[in-house]
Amino acid sequence: MVRKLTAAAALATLAVSCAPETQTPVKVRALVRSSDGQYAPLEVELKTVTDIVSLEGTVIKLQGGANIRLDSRDPEAQAATTDEALERALVKDDGYRVTANYITDEKGVLWPADFHTWNLVTTYYNFERAWDYFTTTVEVKKEELPQTKVYYFPEFVLADSSTKPQLDNALFFAPTRSFMVLPFESIQKAPLALNASILTHEYAHLVFSRRVYDGRGIPEAIAAWTIGGGSPTPGLNVIKSLDEGLADFHAYVASCRSSFGCNTRVLDSSYEGKPVEDRDLSQNWCMSKELRDLMFYGNFTVFSGREYQVGTILASALVKASRTDADRQVLARAVAAAYSDTNPLKYGFNQLARAALNKQEDFSLGRAARAIVQHIPAGNIDLKQTVCTRLATHLQIPISELSEGQDACPQSTTLSDACPVIAP
């Protein structure tokens, strides 16, 4: 929950400041989840911001008042042949630069002067933390993660399903290659922009997009594998599940660096009840026969939400396999390295997907899981063995499929008793 600020407490030692200069790092108050689970004003440093008033910097550029509309009947969108043209077709109004308002205390620390400034500052801080996690802990090169636009409280319409603007969400939207923080209405707990785990999850989608999909607005594999009429889409089901599950895993590893500590419940503090429980990575999740069959013979576009189920099983298996900070760091780097690798002996997801464009069933969960294992350094024998056991057990992947090829699982890998074995 968000800890309330009283006017007296907030203004006791503050003096008005109209347009503060930006001298990096900027000391400012943001709403951050503390060790007791409460959100409270905390003095933080924004290390990458170049304009504290418009909240623009190396990591993100915040943009307010935009109008974005996705409509399959839009002739401009239908005619788009490049990512840039598609983006222009979808963004009907790019909006304007946001303006944050501050009060400066006697120590020179900036305090947000209104709700939206608290929300904007915390949004920048959480995206900056996600960027720092990927560029330091995961060792993604900074050049791979240039400034990304964040549409703040846009009017975002998915016209094929509703004429009403979308609410209560934060997302990475590949067609515009941007993030969105949507207006909220029904969320009664912490707004999504305050939830560091949710924004790290969304930032992980950006990393996945840039490495697996080459940063394309409409990825080649998605375009090739999307089939209407409820036809089976096995490759699409797998790659969507990987994207969601590995985003949750990265959000978990990143949370271990926070004062709150390792958070296995990505949605916690913004949602409550079943949605939170269903994504709790500390639980013993196992592949069911029904879900496995749907992966092969179903279409996750029709069976909405199944990618989260498979992704949660994958993420929880990786969480259970990495119990120490050192293991978590090694595994997080292996996961990101598995996104793209041109070495034919251990192709990454990008290359495996390209090879399966005309036969999507060749992009299997087993091959993708094996790519993760192959990118765990050979010296980390115990971690590799544990990951292999967890993946084989929880995802019901045949050991023979995981052990094929260079640096894969050892053929001596055995199943644990954590999950019942599903009959072929």
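**Entry 1: a charged pair to start**

I began with Lys-346 and Asp-407, whose side chains meet in a salt bridge at 3.7 Å, N to O. This is a predicted model, so I keep that in mind for every entry here. I then looked up where the two partners sit: Lys-346 is in the loop between α11 (325-337) and α12 (349-355), while Asp-407 is in the segment after α15. The pair links distant parts of the chain, 61 residues apart.

Buried or exposed, I asked of Lys-346? Its relative accessibility is 17%, so Lys-346 counts as buried. Asp-407, at 30%, counts as partly exposed.

**Entry 2: other salt bridges**

How many salt bridges does a search of the whole structure find? I got 23. A general reminder to myself: side chains of opposite charge can pair when their charged atoms come close.

I picked Arg-73 next, which forms a salt bridge with Asp-71. The closest N and O atoms of Arg-73 and Asp-71 are 3.2 Å apart. Arg-73 has 58% relative accessibility and counts as exposed, whereas Asp-71 is buried with a relative accessible area of 12%.

My third pick was Arg-306 with Glu-290, where the closest N and O atoms are 3.8 Å apart. Arg-306 lies in helix α10 (residues 306-321) and Glu-290 in helix α9, so this salt bridge ties together parts that are 16 residues apart in sequence. Glu-290 counts as exposed, at 52% relative accessibility.

**Entry 3: disulfides**

I moved on to the cysteines. A disulfide, in general, is a covalent bond between the sulfur atoms of two cysteines. The count here comes to three disulfides.

The pair I opened was Cys-256 and Cys-262, with 2.0 Å from S to S. I read 125 degrees about the S-S bond, and the link of Cys-256 and Cys-262 is right-handed. Cys-262 is partly exposed, with a relative accessible area of 36%.

Then I turned to Cys-286 and Cys-419, joined at 1.9 Å from S to S. The angle about that S-S bond is -80 degrees, and the link of Cys-286 and Cys-419 is left-handed. This pair links distant parts of the chain, 133 residues apart: Cys-286 is in the loop between α8 (274-277) and α9 (289-297), and Cys-419 is in the segment after α15 (399-402). I checked both ends for exposure. Cys-286 is partly exposed at 25% relative accessible area, but Cys-419 is buried at 7%.

Last came Cys-388 and Cys-409, with an S to S distance of 2.1 Å. With -95 degrees about the S-S bond, the link of Cys-388 and Cys-409 is left-handed. Cys-388 lies in helix α14 (residues 381-395) and Cys-409 in the segment after α15, so the disulfide ties together parts that are 21 residues apart in sequence. Cys-388 is buried, with a relative accessible area of 0%, and Cys-409 also counts as buried, at 3%.

What pattern do the disulfides follow, with bonded cysteines counted along the chain? I noted 1-2, 3-6, 4-5.

**Entry 4: the cavity**

I searched for enclosed space and found one cavity of 30 Å³ or more. The largest cavity has a volume of about 40 Å³. It is lined by 10 residues, and the closest to its centre are Val-181, Leu-182, Phe-184, Leu-192 and Ala-193. I sorted that lining by class: eight residues are nonpolar, two are polar and no residue is charged.

**Entry 5: the second largest pocket**

Next I looked at the second largest pocket, which holds about 420 Å³ of space. Of its 27 lining residues, the closest to the centre are Arg-129, Ala-196, Ala-254, Ser-255 and Ser-258.

Which elements give two or more residues to this lining? I listed the strands β2 (26-33) and β3 (39-46), along with the helices α4 (115-137), α5 (196-212) and α7 (234-255). The largest share, six residues, comes from α4.

By class, the lining of the second largest pocket has 12 nonpolar, 10 polar and five charged residues. I set this beside the lining of the largest cavity, where I had found no charged residues.

How values were computed:
Residues numbered from 1 in each chain as written. Predicted model: local features only at pLDDT ≥ 70, side-chain atom pairs only at ≥ 80, totals over all residues. Heavy atoms only, no water. 1 Å grid on protein atoms, 1.4 Å probe; cavity = no way out; pocket = protein on both sides within 12 Å on 5 of 7 lines; lining within 4 Å. Points joined across faces, edges and corners; volume = space filled by probe spheres on them. Nonpolar A, V, L, I, M, F, W, Y, C, P; charged D, E, K, R; others polar. Helix = DSSP H or I, 4+ residues; strand = E, 2+ residues; numbered from the N terminus. Disulfide = S-S within 2.5 Å. Buried < 20%, exposed > 50% of the residue type's maximum accessible area, 1.4 Å probe, protein only. Salt bridge = Lys/Arg side-chain N within 4 Å of Asp/Glu carboxyl O.
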